[in-house]
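Visitor: Please take a close look at one part of this model, starting with how far it can be trusted. Then go on from there to the rest.

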Amino acid sequence: MTLNRRTIFAASKSPALVCLSLGSFALTALVAAFLNPVAQAAEKGPATKASVRPQAAAEHPVDMLLASENTERGITLEPAPVIDDLTFLRRISIDLIGRIPTQAEIDEYMAIPQARRRIATIDKMLADDRFGDKWTAFFADMLRLRNNAEGGPQLFNFVHKAIKSGMPSDEMCRRLIATNGKAGFTPEVGFLLGDAADPMALAGVTSQVFLGVRISCAQCHDHPFDVWKREDFYGFAAYFSRTKRVERRFKMQILSISALEDDKDAILWPPEGVGKKEDRKPMKARFPFAMLGADENPEYIARLRELRAQQQSLVARANAKPAGAEVDDLLESASDTVKKTTSGKSIDAITAEAKKDAEKVKGAAGGYSTTELRQELARLITDPRNRFFSRSLVNRVWYDLVGHSFVVPVDDFSEKNQPSHPKTLDYLADEFVANGYDFRQLVRMIVSTNAYQRAHVPQAEEAVRQEMEANFLATPMRRMLSEVLFDSIVTGGHLFDVKHEAGKNMKTVWQESRVIKGPSARGGAVVDAGKLEGGAAGGAMMAKLTPEKAAPKAGYDLEAAIEETFEEALGGKDDDEAMVDKMAVKSSEEIEAERMAMERQRLTADYIDRFVKAIIDDNPKFASSYRMPSPAPDGHFLRVFGQPERSQLGETRDHLPSMRQALMMLNGRLTHEASRVGELEPLYPLVTGKKADLDAAVKLVYRELLTREPSADEIKDARDVIAASDNPLDGVADFRWVILNSNEFRFIP
Amino acid sequence: MSCFDYKMTRRSLLAASSATLLGMQVRDLLAYAGTSHEAKAEHVILFWNGGGMTHLDTWDPKPGRPTQGELEPIATSAPGIQISEIFPELAKQMHHCSLIRSIAGTNGDHGRATYQLQTSYNQSSNVRHPGIGSVVAHERNQMGDLPAYISISGRAANASYLGQRCEAYFVAEPGSRDPYLAFPEGIAQTRGNRRLEVLARYNDKFTAKATDTKLGSNQTAIEDAVKLMRSPALEAFDLDKVPTSELNSYGDTTFGRGCILAKRLVQQGVRFVQVNRGGFDTHTGNFPAMRAHGEVMDPALASLVRDLAESGMLKKTLIIMLSEFGRTPNINMNAGRDHWASVFSCFLAGGGLKGGTVIGSSDKDGYNPEDRPVQVPDIHATICHALGIDPKKEVMTPLQRPMKLVDNGTPVMELFA
């Protein structure tokens with residue numbers, strides 16, 4: 001136990017967590033680092049026991065509450081049964097780690113004694129690296145994270161790290177709202193810069209994303225069907241009144257973009273066009289959302305206080321220990337995750353680094369001050385007395401997992417749109433707060449319920465089905481999200497690694513390549529028509545100017561997954577000062593002359609188009625779609641299957657099927673390659689060769705792609721499909737292609 | 001509109017007709033309100049010239065002025081209308097074509113201007129507006145087997161809140177085969193068809209007796225896809241059989257093939273075709289670059305207008321050419337022109353427009369609108385009007401916020417016959 005606490009301390013000193021002293025929650029930030037499942041397993045305090053302890057599903061308090069609320073609602077329908085073990089494995093794997101399970105995972109799962117099978121698997125998946133990847137996509141949709149936005153990649157990295165390390169959700173929210181700093185250096189500011197640090201936009205975004213309340217209509221007029229008045233919106237926006245997007249430029253070049261605060265108020269009341277101009281005065285910030293009164297002291301807040309006090313005393317006690325030889329011992333016993341966080345550096349080195357980083361932040365804010373306004377807002381939004389925050393996040397996560405939410409749509413809590421099961425929602429929300437806003441525990445609690453584990457009822461009468469789904473007596477059919485579908489095809493088709501022997505897929509291809517021959521001697525007048533043609537030079541030029549509109553390429557690029565490590569997004573970006581110094585010694589004329597010289601060289605370069613014959617080993621490998629910069633380019637597989645662009649507030653995933661999706665699945669390279677049988681796959685020896693056993697092959701396909709055993713009829717049918725082809729390898733490929741394209745594969749069971 | 005406006009009688013409006021109401025010219029307002037226009041156009045071909053095409057060296061020459069540059073104007077088949085010498089063939093078709101020379105833009109930045117010219121809206125931080133092609137696809141049903149909205153040689157704006165159905169179908173390069181329209185490499189027709197049959201059977205079995213419509217809709221999408229894969233209309237994409245004489249008359253270039261493809265798609269019923277082309281950001285060496293552009297664009301555009309006119313399709317097809325902005329009348333030290341949004345031009349043809357018309361003018365050196373300024377959203381309202389779509393119609397965003405199809409534009413009524 002003690003050892004664990006010290007371990008935790010070692011992890012908590014990572015510079016990213018220390019560098020931002022944003023006031024009262026800095027300490028919580030330290031605590032955040034160890035709230036990972038590894039630490040939790042050993043650190044379950046008395047306060048959290050009740051909801052964490054594995055329970056027999058039937059007596060889960062959430063199910064009991066749902067049943068009693070359903071009785072109150074006059075619902076008399078019988079619930080659908082809980083799904084069987086293999087179906088559960090497929091569902092939980094898709095929902096927690098974003099892909100279908102492998103054969104090895106099925107075996108491992110079935111080997112666990114049945115009583116512990118589900119809960120043990122839940123815990124294993126909560127600790128999986130892919131949990132962080134999958135839920136980063138959830139937060140990316142919610143927070144509208146965009147890789148192509150200012151500070152976007154770093155913000156992605158921040159959120160990914162936060163989820164992976166178990167940063168409490170209130171802490172994450174506070175940081176996103178309250179942090180000032182520079183894009184690319186202070187990762188959290190990407191959130192403010194995503195909306196150009198615009199006070200009005202941020203007021204709408206913050207209320208809807210974190211509180212599930214749509215007050216942005218009140219920007220222009222009193223809300224048409226809710227209590228929000230224009231003055232409420234302005235009062236809320238006033239928390240961002242002094243927030244600015246600041247560009248640092250030097251001689252026409254943008255060096256950096258920051259979100260900072262100054263002493264000028266942008267939000268004035270009355271609004272423009274109402275009353276006299278001279279009457280418009282800075283609006284006073286006011287939080288319009290109801291909070292629990294000071295006289296109300298619910299148990300969950302007491303539990304949160306107790307938990308946080310314990311965590312603080314842990315940190316304090318760890319701090320009291322002198323750092324020295326002991327640190328090595330601590331690191332020695334630390335888990336792998338913790339080791340990664342500290343990268344083996346000594347505590348002193350880490351502290352020094354953090355100090356340096358903190359100074360840099362101060363420097364970057366030169367000329368700007370930090371006000372209390374957004375810190376105050378962050379505190380109010382995440383105050384345990386403000387139930388909007390916990391209810392709203394719980395409602396979203398419940399929707400993502402169960403397929404139907406208490407409040408529909410998820411971000412529209414209002415007087416006129418009350419939750420269907422308020423007591424259940426509040427229980428979940430209060431437990432979430434009492435457990436220290438621990439996101440993993442929230443997910444764990446939801447997936448442990450019968451409500452999550454119930455079967456679908458696609459054959460019930462329409463009205464009955466809808467009533468069952470709305471009252472959590474059955475789960476709605478859900479299609480796999482685009483990332484899940486992509487990664488599941490890659491998993492099922494063994495495409496994360498090469499599956500063909502080297503040299504088995506040699507192909508001759510003609511590749512067109514355009515090379516610069518070097519600057520022409522002919523001066524300026526050499527641009528001829530050919531060079532400006534369509535997607536060639538002209539396209540390249542355009543692509544440079546508007547990177548988000550890069551010209552599409554022919555072929556199957558729309559299914560490529562270009563892997564990006566989240567870690568690369570950080571580091572080595574803070575070289576503004578050095579650049580200014582370097583540039584300052586040149587005159588404007590010199591700089592302009594350099595720019596022109598480069599421009600001229602670009603335009604006068606001679607290109608040669610060459611077709612190059614190449615022989616390649618076409619042995620494809622695909623990376624996880626969760627590691628792709630997102631949103632993916634227009635027309636990419638992920639976008640076609642519903643990954644949102646994340647530019648507009650309230651944008652939701654489009655789950656509807658389309659012809660374009662069908663074309664991509666029927667004829668695309670991903671499905672095709674996943675279907676083909678590779679020599680390095682476990683399936684291969686069952687299909688061809690001396691030990692071939694087609695029944696076993698069919699069973700393996702069912703397990704690998706559909707996570708279930710086939711019936712005798714299904715085996716016979718599959719054998720017929722395989723037999724219709726020229727040879728068993730083609731036949732099994734055909735069969736796998738059918739399964740990958742089928743409804744059964746696409747819908748989460 | 002404030003309440004004072006609608007109380008005005010038609011007469012008092014006429015009396016005030018030299019004034020403007022909320023920046024909108026009163027006579028346009030009247031014309032718009034008073035016509036019962038019968039839409040003639042059914043299709044649109046939009047040319048997107050990325051980079052910001054100079055207005056002075058194309059549609060709005062300034063002969064004899066210091067801003068003229070190296071290119072001369074030439075006379076056209078439309079009496080009194082002169083265009084740049086880089087368009088000798090197109091000049092012969094000018095009686096079918098119209099120009100707007102007084103677009104008053106406000107965005108001098110590529111990103112923001114592209115956004116507004118393609119959507120009619122200015123960029124906003126928390127809502128993304130759909131492109132005009134998606135608006136047309138939303139308001140007009142698909143005709144024939146091909147998708148309603150196709151973009152050639154590059155991407156078009158997103159459909160955003162209009163939904164996936166209104167997204168453009170992309171053709172990377174005219175004449176190139178879309179790999180997704182045929183079975184994967186190495187899968188013969190009989191084998192591919194057998195796969196589809198088995199798939200339909202498996203899906204039917206899975207869906208059996210289900211009342212949940214979600215289940216059936218996947219198979220419907222598959223059936224739509226297969227219908228397209230097997231459609232004879234796909235031949236339109238295949239340019240191999242286009243006679244050499246036709247290819248040559250369009251100038252055998254990517255752009256020329258793009259124009260031929262656009263023509264063939266429109267003939268198959270496609271509602272909105274966007275043909276993209278870049279290279280107009282002529283900060284350096286503007287004049288040779290524009291001559292080069294002329295060599296590519298002139299034969300293709302002239303042939304397209306001529307062919308559509310001869311086949312009778314031109315009156316049903318609105319052709320429009322847009323770019324982010326114009327370029328500085330002042331010629332910079334690199335013999336280039338820089339970004340200039342205060343005034344620029346737009347080329348139109350067909351679609352029930354009169355032809356041989358010029359709307360508005362820029363001042364003598366091409367710096368600002370002189371007469372009849374046209375706002376950017378007016379262009380989109382004009383496209384809608386030509387198709388009989390009400391540009392003021394509202395659609396709901398995910399936030400249940402009503403948004404007009406076009407950002408308060410007024411059609412340029414003088415263009416219509």
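Guide: Over residues 519-554 of chain A, pLDDT (the predictor's confidence in each residue, from 0 to 100) stays under 50. The model nevertheless has 84 contacts for residues 519-554 of chain A beyond four places in sequence, where a contact means that the C-beta atoms of two residues, placed from the backbone, lie within 7 Å. Where pLDDT is low, the predicted coordinates should not be read in detail.

This is a predicted model, in which local features need pLDDT of at least 70 and side-chain atom pairs count only at pLDDT 80 or more, while totals for chains, interfaces and linings use all residues. Residues are numbered from 1 along each chain as its sequence is written, and chains are lettered from A and ligands numbered from 1 in the order in which they are written.

Chain A has an average pLDDT of 79, and 72% of its residues score at least 70. Residues 361-367 of chain A fall below 50, with 11 contacts in the model beyond near neighbours in sequence.

Chain A also has an open sheet of three strands (DSSP runs of E, at least two residues, numbered from the N terminus). The order is 1-3-2 and the pairing is antiparallel; two strands pair if DSSP finds at least two bridges between them. Strand 1 (181-182) and strand 2 (243-250) of chain A are the edges, each pairing on one side only. Strand 2 of chain A is joined to strand 3 (residues 253-261) of chain A by eight bridges, and Ile257(A) in strand 3 of chain A stands opposite Glu247(A).

Next come the cores. A nonpolar core is a set of buried Ala, Val, Leu, Ile, Met, Phe, Trp, Tyr and Cys residues joined through C-beta atoms within 7 Å. A residue is buried if 20 or more other C-beta atoms, placed from the backbone, lie within 10 Å of its own, exposed if 12 or fewer, and partly exposed in between. The largest nonpolar core has 102 residues, of which Val159(A), Val394(A) and Ile446(A) touch the most other members. Apart from neighbours within four places in sequence, Val159(A) is in contact with Thr136(A), Phe139(A), Leu143(A) and Leu145(A). Another core lies apart from it and has 98 residues, including Ile103(B), Ile152(B), Leu162(B) and Phe237(B).

Ile152(B) leads to strand 9 of chain B, where its bridge partner is Val275(B). Strand 7 (residues 149-152) of chain B runs parallel to strand 9 of chain B, joined by four bridges. Strand 3 (residues 43-49) of chain B also pairs with strand 9 of chain B in the parallel sense, over six bridges; here Ile45(B) has Val273(B) as its partner. Six of the six residues of strand 9 (residues 272-277) of chain B are buried. Phe272(B), Gln274(B) and Asn276(B) point one way, and Val273(B), Val275(B) and Arg277(B) point the other way.

By contrast, Glu70(B) is partly exposed, because 13 other C-beta atoms lie within 10 Å. Glu70(B) is found in the loop between strand 3 and strand 4 (73-75) of chain B.
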